[in-house]
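This report describes a protein chain and the two ligands modelled with it. Look over the sequence and the structure first, then read on.

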Amino acid sequence: MTALPETLQETPPSLSVEEYRALVLADLRALPAERVELAAARGRTLAEPVTARTAIPPFHNSSMDGYAVRRFDLRGAGARHPVTLPVVADLPAGITATPTLVPGTVARIMTGAPLPPGADAVVPLEQTDRAPERVTIFAEPEPGAFIRLAGSDLSAGDLVLAAGVTLRERHLAAAASAGQHELPVHRRPRIAVISTGSELVQPGRPLLSGQIPDSNSQLLAAAVEQAGGIALAVGIVPDDDDLLRATLTDYAGQVDAFLLSGGVSVGAYDVVKAVLAPLGVRFGPVRMQPGKPQGFGHWAGGLPIFALPGNPVSALVSFEVFVRPALRTLLGCREIDRPIIRAVAAEGWLCPPNRRQYIPVTLLSGAPNTGMTRGTATDAEGGIRVRPASRGGSGSHLVASLAAADGFAIVDESVEEIHPGDPVDVMLLES
Ligand SMILES: Nc1nc2c(c(=O)[nH]1)N[C@H]1C(S)=C(S)[C@@H](COP(=O)(O)OP(=O)(O)OC[C@H]3O[C@@H](n4cnc5c(N)ncnc54)[C@H](O)[C@@H]3O)O[C@H]1N2
Ligand code: MOO
């Protein structure tokens, strides 16, 4: 048997997306926690469960503007049998000293004001003549009417927020109400984003023949930030081994991971591979399209290095499938993956043999329905319809098509063609 050329012998066997993802995520752990003020916690991931320091609501209070009463005094009251009682107190929201309501009296009370001891119902203003000193009441209230009981939302000591939740405005409101002013959140990973390639120039600069704008720096730095990380946009490093090595050395002390694009395939000037492969970074094919050539490993000291293919669509797909879940793991997130919905192909397209396809698609009808999860059956009538974002097909250089993409349709490696009307899984990107 003829021996394979040396370069082919060195290529590791191809991995499935799941195998490669497992390899990337294997050693990653959430970064340590720090305590931050509520306002600074938005978008961060909670490191520990948070319990209520105070009950919500903290005291019994009125849900209506009206009169706090003792029901016994209003037995049989109605439109034709009104009852008139003296108003002995006026209780606005925020009052801290609440007098006890003695039998035969009522207190005027505003929404949110504490219920006076002795009162067992609130009569809304509309069921009275609203008089300030002696009020006439036209209804007999139900027991506990319009009273919001202390602890009816949460008791002190109850769980308010579970660890791993990404904090949104509603979580901050719940934490504030439960008596918290700071929250323990995982430190955000700092990621150095580096574009490699001597053809790259900064966006907006005049292009000489053979040059293109560096779009991956924008793409990947923004994607890192959107995933919850901090991007250090290093910029362009030309195809020069020494320069790349020096750049990595410079940034190694300041970051939690490197995110590179370009230079990972088999070209003569693939510097990323040339510099990192000798350090043990694994370069090899993954059975996906785009995103076939991938590099992952560690810089000295164990700093993770993601080396993505340079083609922009390949870079984004690789980010979404491998890097974003890794960043979300470092952040301690419970949910590390994008939602996947079942949609219907409005147009057909071809799929590569033996590679899982991730093709940018545009949603044609219906808003992203996050209630629909992978495997939910939909039909062409009610389903969300998608079509390829680019008329030019699934080429990994079609960067402009990314602007029209709402997500990536994911097609199994055994499928050769998608026909109009076929169901497809779609990984939704943020709108
Ligand atoms: N002989 C082979 N050639 C190629 C193979 C292969 O298996 N055998 N694989 C192809 C596939 S698939 C991909 S994907 C690319 C990956 O290439 P590299 O990661 O080595 O990236 P480059 O060669 O540096 O660039 C590829 C392409 O992307 C453009 N690019 C790179 N960086 C940026 C950036 N920051 N902003 C915008 N565009 C960028 C670059 O100009 C090239 O056009 O390799 C195939 N070749
Ligand atoms: O794998 Mo490349 O990313 O197909 O273009």
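A polar contact is a pair of N or O atoms within 3.5 Å. A polar side-chain atom of D270 lies 3.3 Å from an oxygen atom of ligand 1, so this pair falls within the cut-off of 3.5 Å. The model is predicted, and every distance below is computed from it.

**Ligand 1**

The side chain of S265 also takes part: one of its N or O atoms is 2.9 Å from an oxygen atom of ligand 1. K292 has a polar side-chain atom 3.2 Å from an oxygen atom of ligand 1. Taken alone, ligand 1 exposes 860 Å², and the protein buries 68% of that area.

Which residues come nearest to ligand 1? Of the 22 residues around ligand 1, they are E199, D214, V264, S265 and G310. By class, the shell around ligand 1 divides into 8 nonpolar, 10 polar and 4 charged residues. Strand 12 (190–196), strand 14 (212–213) and helix 7 (312–330) each supply at least two residues of this shell.

**Ligand 2**

Ligand 2 is surrounded by Q289, P290, G291, K292, P293, N311, S314, R355 and S396. In this shell, 2 residues are nonpolar, 5 are polar and 2 are charged. K292 appears again here, with a backbone N or O atom 2.7 Å from an oxygen atom of ligand 2. The table lists polar contacts between the protein and an oxygen atom of ligand 2.

| Residue | Part of the residue | Distance to an oxygen atom of ligand 2 |
|---|---|---|
| G291 | polar backbone atom | 2.5 Å |
| K292 | backbone N or O atom | 2.7 Å |
| S314 | polar side-chain atom | 2.5 Å |

**Two buried residues**

S261 is placed in strand 16 (residues 257–261). Is S261 buried or exposed? S261 has a relative accessible area of 1%, and because buried means under 20%, S261 counts as buried. The side chain of S261 makes a polar contact of 3.2 Å with the side chain of N216. Leaving out residues up to four places away in sequence, S261 touches I194, S195, T196, N216, L220, L308, P309 and G310. One of these, G310, is listed among the residues that come nearest to ligand 1.

V237 is found in strand 15 (residues 230–237). V237 is buried too, with a relative accessible area of 4%. Leaving out residues up to four places away in sequence, V237 touches I194, S195, T196, G197, L243, L244 and T247. Three residues, I194, S195 and T196, are thus touched by V237 and also by S261. V237 and G301 are 64 residues apart along the chain, and their C-alpha atoms are separated by 22 Å.

**The chain as a whole**

How many helices and strands does the protein chain have? Its secondary structure comes to 8 helices and 27 strands. Of the 431 residues of the protein chain, 48% count as buried. The protein chain exposes about 20800 Å², and carbon and sulfur atoms supply 53% of this area.

Among contacts in the protein chain with a separation of 6 or more, 73% join residues 24 or more positions apart. The radius of gyration of the protein chain is 31 Å, whereas a compact globule of 431 residues would have one near 22 Å. Along its principal axes, the C-alpha trace of the protein chain spans about 105 × 55 × 45 Å.

Note on methods: Residues numbered from 1 in each chain as written. Chains lettered and ligands numbered in written order. Predicted model: local features only at pLDDT ≥ 70, side-chain atom pairs only at ≥ 80, totals over all residues. Heavy atoms only, no water. Near = heavy atom within 4 Å. Polar contact = N/O pair within 3.5 Å; in protein donor to acceptor, adjacent residues only side chain to side chain. Nonpolar A, V, L, I, M, F, W, Y, C, P; charged D, E, K, R; others polar. Helix = DSSP H or I, 4+ residues; strand = E, 2+ residues; numbered from the N terminus. Rg over C-alpha atoms; globule rule 2.2 N^0.38 Å. Buried < 20%, exposed > 50% of the residue type's maximum accessible area, 1.4 Å probe, protein only. Contact = heavy atoms within 4.5 Å. Areas by Shrake-Rupley, 256 points an atom, 1.4 Å probe, with all protein chains shown as cover.
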